[in-house]
Amino acid sequence: MTQGTKYDSATTATGAQTLTATSDKYQFIDPDGTVNVDLPDLRNETNDTTSGTGVVGTTLYADQSAGHFVISNTAGGAEVMTIRGWNGSSATGTICTPTQNETAILYWTGSTSGWIGTAASDA
């Protein structure tokens, strides 16, 4: 996996935001209300087709390289963004909910636990 290395200029959300593995690592998003920001699922899905390595037809996951995002909520008012992603049990599990003037730091821990993160005040 190659992850973006640039800073994303400030974005005003016009709906749900979906990040990919190659999205910029640093995001500045004005949710313009309430919005979901979906992180990429960095599990690599494969199908076990050979005997001796597991049950044939079983979905297996191999982790891609580690990833991280830093996402700032640049709202002009009391607006919340819900950051979602693979959390070990759901591809749309809530990781954290930064409000106005808060920044979320998110890190991919692997296919078992997925994304972890926290949001803290920019002040």
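Read from one end of the sequence to the other, the chain follows the pattern β-β-β-β-β-β-β-β-β-β-β, which amounts to 11 strands and 0 helices; here helices (H or I, at least four residues) and strands (E, at least two) are DSSP runs, numbered from the N terminus. What you have open is a predicted model, in which local features need pLDDT of at least 70 and side-chain atom pairs count only at pLDDT 80 or more, while totals for chains, interfaces and linings use all residues. Residues are numbered from 1 along each chain as its sequence is written, and side-chain values use heavy atoms, with hydrogens and water left out.

**The whole chain**

Begin with everything selected and coloured by accessibility. Of the 123 residues, 37% are buried, where buried means under 20% relative accessible area, exposed over 50%, and partly exposed in between (1.4 Å probe, protein chains only). The chain exposes about 6500 Å², and carbon and sulfur atoms supply 49% of that area; accessible areas come from the Shrake-Rupley method with a 1.4 Å probe, and for residues only the protein chains shown count as cover. If you then draw contacts (heavy atoms within 4.5 Å), 43% of those between residues at least 6 apart in sequence join residues at least 24 apart.

**The sheet of four strands**

Next select β2, β4, β8 and β9, which form an open sheet in that order, with mixed pairing; two strands pair if DSSP finds at least two bridges between them. The edges are β2 (17–18) and β9 (93–96), each of which pairs on one side only.

Walk across the sheet from β2. This strand runs parallel to β4 (residues 35–38) and is joined to it by 2 bridges, with Q17 standing opposite V37 in β4. From β4 you can step to β8, again in parallel, over 4 bridges, and here V35 stands opposite M81 of β8. The last step, from β8 to β9, is antiparallel over 3 bridges, and R84 faces T94 of β9 as its opposite residue.

**Strand β8**

Now keep β8 (81–85) selected and show its side chains. In a regular strand the side chains alternate between the two faces of the sheet. On one side of β8 are M81, I83 and G85, on the other T82 and R84, and all are buried, so that both faces are covered. Because 5 of the 5 residues of β8 are buried, the strand is largely enclosed by the rest of the structure.

Which residues does T82 touch, leaving aside its neighbours within four places in sequence? They are V35, N36, V37, T94, C96 and T97. T82 itself has a relative accessible area of 16% and is therefore buried.

**Two salt bridges**

Side chains of opposite charge can pair when their charged atoms come close. Taking a salt bridge as a side-chain nitrogen of Lys or Arg within 4 Å of a carboxyl oxygen of Asp or Glu, the count comes to 2.

Select D38 and R84 for one of them, in which the closest N and O atoms are 2.7 Å apart. Since D38 lies in strand β4 and R84 in strand β8, this pair ties together parts that are 46 residues apart in sequence. Both D38 and R84 are buried.

Then move to D41 and R43, a salt bridge whose closest N and O atoms are 2.7 Å apart. Here D41 counts as partly exposed because its relative accessibility is 33%, whereas R43, at 13%, counts as buried.

**The loop at S90**

Follow the chain out of β8 and stop at S90, which is found in the loop between β8 and β9. With 26% relative accessibility, S90 counts as partly exposed. A polar atom of the S90 side chain lies 3.2 Å from the backbone nitrogen of T92 and a polar atom of that side chain lies 3.3 Å from the backbone nitrogen of G93. Add G114 to the selection: its C-alpha is 9.3 Å from that of S90, although the two are 24 residues apart in sequence.

**The sheet of five strands**

Finally, select β1, β3, β7, β10 and β11, an open sheet in that order with mixed pairing. At its edges stand β1 (11–12) and β11 (115–121), each with a single partner strand, so one side of each is left without a neighbour in the sheet. End on β10 (residues 102–108), which pairs with β11 in the antiparallel sense over 7 bridges, and where L106 has G117 of β11 as its bridge partner.

Methods:
A polar contact is a pair of N or O atoms within 3.5 Å; within protein, one must be able to donate a hydrogen and the other to accept it, and residues adjacent in sequence count only if both atoms are side-chain atoms.
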